[in-house]
4 protein chains.
Amino acid sequence: MKINNSSIEISQYANGDSLSINVIQYDSLQSGPHIYFQANVHGAELQGNIVIKLLMEYFKEHEFRGKITFVPFANPMSVNAKIGGYTYGRFNPRTGDNWNRNYIDISQSSRYQIQHSIADFVNEHYESETIITDFKQYLDSVFSSVKNNTEYGLSENKIFNVELQHLAADADVIFDLHTGGRAARYLYAAEYEKSKAMELGFPHTLIIPNEFDGAMDEACFMPWVHLQNELMNHDVQFSIPVQAYTVELGSEETISMDAAKEDMLRLLIFLKGSGQHSQQLEELKGQCYSCHLKNYRSYYAPTGGLCEFHLEPAEHFLKHDKLASIHSFNSKSNEWMTNHVVAKNNGIMINIGTSANISQGETLFQVMEHYHSFEV
Amino acid sequence: MKINNSSIEISQYANGDSLSINVIQYDSLQSGPHIYFQANVHGAELQGNIVIKLLMEYFKEHEFRGKITFVPFANPMSVNAKIGGYTYGRFNPRTGDNWNRNYIDISQSSRYQIQHSIADFVNEHYESETIITDFKQYLDSVFSSVKNNTEYGLSENKIFNVELQHLAADADVIFDLHTGGRAARYLYAAEYEKSKAMELGFPHTLIIPNEFDGAMDEACFMPWVHLQNELMNHDVQFSIPVQAYTVELGSEETISMDAAKEDMLRLLIFLKGSGQHSQQLEELKGQCYSCHLKNYRSYYAPTGGLCEFHLEPAEHFLKHDKLASIHSFNSKSNEWMTNHVVAKNNGIMINIGTSANISQGETLFQVMEHYHSFEV
Amino acid sequence: MKINNSSIEISQYANGDSLSINVIQYDSLQSGPHIYFQANVHGAELQGNIVIKLLMEYFKEHEFRGKITFVPFANPMSVNAKIGGYTYGRFNPRTGDNWNRNYIDISQSSRYQIQHSIADFVNEHYESETIITDFKQYLDSVFSSVKNNTEYGLSENKIFNVELQHLAADADVIFDLHTGGRAARYLYAAEYEKSKAMELGFPHTLIIPNEFDGAMDEACFMPWVHLQNELMNHDVQFSIPVQAYTVELGSEETISMDAAKEDMLRLLIFLKGSGQHSQQLEELKGQCYSCHLKNYRSYYAPTGGLCEFHLEPAEHFLKHDKLASIHSFNSKSNEWMTNHVVAKNNGIMINIGTSANISQGETLFQVMEHYHSFEV
Amino acid sequence: MKINNSSIEISQYANGDSLSINVIQYDSLQSGPHIYFQANVHGAELQGNIVIKLLMEYFKEHEFRGKITFVPFANPMSVNAKIGGYTYGRFNPRTGDNWNRNYIDISQSSRYQIQHSIADFVNEHYESETIITDFKQYLDSVFSSVKNNTEYGLSENKIFNVELQHLAADADVIFDLHTGGRAARYLYAAEYEKSKAMELGFPHTLIIPNEFDGAMDEACFMPWVHLQNELMNHDVQFSIPVQAYTVELGSEETISMDAAKEDMLRLLIFLKGSGQHSQQLEELKGQCYSCHLKNYRSYYAPTGGLCEFHLEPAEHFLKHDKLASIHSFNSKSNEWMTNHVVAKNNGIMINIGTSANISQGETLFQVMEHYHSFEV
């Protein structure tokens, strides 16, 4: 096994300090899949780094096939931005842009001055027998050209997001490790990859459409979806060989070594299924739930106040159950009032707000409704 | 003339305080156009409030026709958010959402559970002789229904943005008063209204496509564009009777009474042309410039450092002119280096960054290129 | 019983909104002590409001003597300041001033242009038999004069802090309800009141010197300490009749109704001891610990990294125990390293950092060392 | 001439990035004074860096005596902290501590566990003929010992502030380069050094007491004041050979090369007077003003609103002049109201607020009153 380290400078501050993305690549020197892990694109979402730490240690000791790319602390602009006692790293503090909504959609070739569109590529390669490798090369050249188109300079977002897209362009499976606020473990998987996603055995899975909305997972799989569609225009059947997942590893602002070991086991089981290794592993058993994104519903605060959240992440509830109580002080009458938030449908509590201090219209929590259940 | 005041509560905090939008409506009790002004949706963009103050005073003294709605300090969540010595009100501090990118697109009827789409409306009314009034009523009912659809609660953004859309739904001309960072006076006008916009005599006009991108002006005019398109499907020719503009009144964090008087004069001249009044006014003469949005270009910092901006807002420049110099300290060599930012094309300096402390990839300034010139 | 509500406007924003402190006073119409409660001076410290809610409900139903003043959500500037998912209300966001370090020290009479110093007061009243009442009147007049000295205007801090000092000036016992970050329940009590403080039966008590350092408790008791000292100069023995405590009710950003009931019970037991009521109460039994402030020690991060905190609040530990482990990524070697933080002495874990994302020199946690133990 | 560069790591972030202070020392290899410059301790205060840049260039070309230490961008934690379009670097965003109020007072030897107090030093050295050199060595050993006392770790503030104090401990003249908000050029000078300060020819000088209040200048000169006092106890007359100044170079968030040239000239004239060089220099002539700190008065906003500031920095005004007008919107009456802020005394406008968006109690501006005038 060979380890390749690289450090990619992505920003430079007024005082001469620079910020870099550190990339560690394990190359087994044997053919096999290329797996890509990044963590901590949002500053407060820490747990993925610890999972990467464990995986880096595991694959130093255990044989595997193919390559593994690790990008811990993928976003140096966000992890260091603490205000008060908390990390302020969900969005660019200068612009408000969510760090996970600004990846570029390369199918919009004119917007990004991409000379060679996916349609152009397919016109030339639809009969190629090495179309997967060819397309990865195409992706590499597209991202290079965007990064080199610096006539008016590149925006901070573009420098950062395109770099990560470029790093992941060669990978077969991409894991973007996030966390929720105060949350269960859950996963975003696209329609086309949902059966494959079940092999991950994640307790909760949200099925998202094969569409682009700016996130890393979409930025990684959508070029392949477009490729499939264009090939269909040439009557070529093509099964997408790449998967990309956003993985939510519990709660932000905290790490847990024990949970990380279980998180790792889940990933190792999946990687074994993908042919990346043949190590002996513990079994993981449990009940899993999935629903479509449209059934992942947010509850908004009907009033400002102090919120008691009655359920913990991953708890199930029934229609009409009391999910939260908001205690409000009426400054006109000087009376206290309590407002109960009641379940509109049966569901599973997934992601809960991080503060009991609530103003009207804030997201209280997010739940799965109309879910399906399966066992692993 | 009658003055109607109303106060619309839009949020309530944990401690019982509530935030309201204050709406002042002047009704001439004579028929005439309905003009709508709002200011300060972004917290640091103050000058529009002063222009509204002057207009409120002017139309107390001077006769007019129709109605005028004034919404100063339109966004109570943003103007009060100061951090250090500056207002932090461009985006929702909880979510990062730009306060001027979250208006809703009512043409997406299913997304917002709007029972009656614009197409439905047109099917029923395409032969109506009062289609303008009918459509304003339709808009009113749409916004009411969105606000009343509170099953899971309404998000803070939705409460705020839909309220403003609702308030403006009856108006014939909508002015959303903003400012740039350190900026010239400029205007966003849609393709369809660009000849009308010339009557405003604004020094700089950016022509934007008839498209929805989340801003107030688009949220106000796009329903009418969709109406026009749907009517065309019934072979009805329809000229859009409503205009909506985003008006950029110079620099943020500052007010100027003298500039406000000129800003007001410009608006009064326009209102006179729209038939809202017949007052005698000073003349305004000057050279004006317009270009398409795609020729409104941002320059991004090629390096971090301390930036000298060599041009003032509204200055013209030639290709190859030195627009800025960035002085960087190299912490490895302990040497200073100066990087000059040179014009790629002839242009006009419009909007300049508010801080000389620059990191790589930050927007330095925005310029008009390939502009047209006309006189007023 | 009579309830007096008042609302004291303390700030006004640019848009015309104003912020007020809401004060609810229960007057038994019988003589007895005056007890004062305020909560939430720091924006994220919520639990005290719920305790006040319960006390307001309790004393509507149960007889008492004297007066009780309640000031929930005492700081309207802080509770509403949320950034990202957390409340940013420990310090004034404009100036950085900690909201609980800017009360004024009235013994510095010239600094605050107080005409009549405590020494002057004592010269006139040292033989008075109603010196307690006289001194409360003196305090009232001092705070009134500071508030009315508006020649150059009053700063935001002074308006706010002096108002709270003024409100509490008549009280016999002052409770300033706070919370820690992620914390045990603990109490600050001054040297002179430490035996009285034991009646509160708080699990952990920090004994602070009889000195002024800007906090509410000190601002309330120090005038009485000065009074005692000045009287001693006239050979008058005087026992301070007023107590003021900073009470830390667990963790910030959360509320718990169950914990609030126990918090209330503790306060009710104390109030009964102070003669404020004679209600039948459950007993509270437990082991309590106290130490001097100098033995309340902070551990600072020896390195940046992701921190596993191995102890929960209120856990005891021995010298050499592993209290935390910091996992750091070395971006030069691309290796992970773990740094264990080991106990320097036996102690009790009191207050723990709210984020596992740690940079070098941040406070990791605070512990009691060299503590005494007693039973209640 | 020899140039010594060093880079002192002062913090390390979770992701492995580290922050350093870069120190450039020019050593003439001839005896002469040691001059120390630091800039940008507050993140938005940029101009001092440019002055350092020019001085670094100047003394590469021109001969001098003694040593010069340059610390541009002295605070890496602050300059990079931008929120919205502005630098948020006046205080530590985690703790609210003003970066220029946390230097340590070494006369409090027990607080900082300094074994050897200044009194101890004087007892041993009061007859020494090399007492200046001896005391510089003493200072060096004190700061070393504080930095090495890491049993419980060192706080971020202590690491940072003590490092700068240590760097400046050997210097004879210390310049801490700051700026105001929107401000004139002015200087803080201590009582004991005020006649020397006049040689700087700064347009405005504030005379501060020989006391410690946490700032760099005080941290640098107070040990010498204590030394002088202790020597007096041994009947030794001692004239303080060290000066330390806080220099305010105009407005924050901006740089000006032209102004920097004049700023440098002023410093070069002073250095020539201090015997550091003998270069030919342009003359600087002008009227200068000084007053005591107690006559440097802040005006606070009597109401919230939008503020027109009628004077520019450095303008003089008379008692009763209108200094500012605050335009407020009354959300109850929906009327506008204007509140004029009128001069209480004759004065000079020095430092003005950076935003016209004002809430009640904010500092509007700071002025010099009862000033003296002198010519240079």
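The accessible surface of chain A comes to about 13800 Å², of which carbon and sulfur atoms hold 43%; such areas are obtained by the Shrake-Rupley method with a 1.4 Å probe, and for residues only the protein chains shown count as cover. The structure is a predicted model, in which local features need pLDDT of at least 70 and side-chain atom pairs count only at pLDDT 80 or more, while totals for chains, interfaces and linings use all residues. Residues are numbered from 1 along each chain as its sequence is written, chains are lettered from A and ligands numbered from 1 in the order in which they are written, and side-chain values use heavy atoms, with hydrogens and water left out.

**Chain A as a whole**

Chain A contains eight helices and 21 strands, where helices (H or I, at least four residues) and strands (E, at least two) are DSSP runs numbered from the N terminus. Its C-alpha trace spans about 75 × 50 × 45 Å along the principal axes. For 376 residues a compact globule would have a radius of gyration near 21 Å, and the 22 Å of chain A agrees with this; the radius is taken over C-alpha atoms, and the globule rule is 2.2 Å times the number of residues to the power 0.38.

Of the 376 residues in chain A, 63% are buried, a term that means under 20% relative accessible area, with exposed meaning over 50% and partly exposed lying in between (1.4 Å probe, protein chains only). Among the contacts in chain A (heavy atoms within 4.5 Å) between residues at least 6 apart in sequence, 71% join residues at least 24 apart. The chain carries 27 positive and 46 negative side chains, and the centres of these two sets lie 5 Å apart; Lys and Arg count as positive and Asp and Glu as negative, whereas His and the chain ends are not counted, and the place of a charge is NZ of Lys, CZ of Arg, CG of Asp or CD of Glu.

**How the copies are related**

Chain D is superposed on chain B with an RMSD of 0.0 Å by a rotation of 180° with 0.0 Å of shift along its axis. That is the relation of a two-fold axis, and in chain D the C-alpha nearest the axis is that of Y86(D), at 3.6 Å. Superposition is by least squares on the C-alpha atoms of residues with pLDDT of at least 70 in both copies. Because 100% of the interface residues of chain D are also interface residues in chain B, these copies meet through the same surface.

Chain C can likewise be laid on chain A, with an RMSD of 0.0 Å, by a turn of 180° and a shift of 0.0 Å along the axis. Y86(C) comes closest to that rotation axis among the residues of chain C, at 3.6 Å for its C-alpha.

**Selected loop residues**

The table places four residues in their loops and gives their relative accessible areas.

| Residue | Loop between | Relative accessible area |
|---|---|---|
| Q108(B) | β6 (86–87) and α3 (118–125) of chain B | 35%, partly exposed |
| S117(D) | β6 (86–87) and α3 (118–125) of chain D | 16%, buried |
| H370(A) | β20 (363–368) and β21 (372–375) of chain A | 49%, partly exposed |
| H320(B) | β15 (316–317) and β16 (322–330) of chain B | 60%, exposed |

Q108(B) and I118(B) are 10 residues apart in sequence and 9.5 Å apart in space, C-alpha to C-alpha. Leaving aside residues up to four places away in sequence, S117(D) touches S109(D) and Y138(D). H370(A), although not a glycine, has a positive phi of about 50°, and H320(B), also a residue other than glycine, has a positive phi near 80°.
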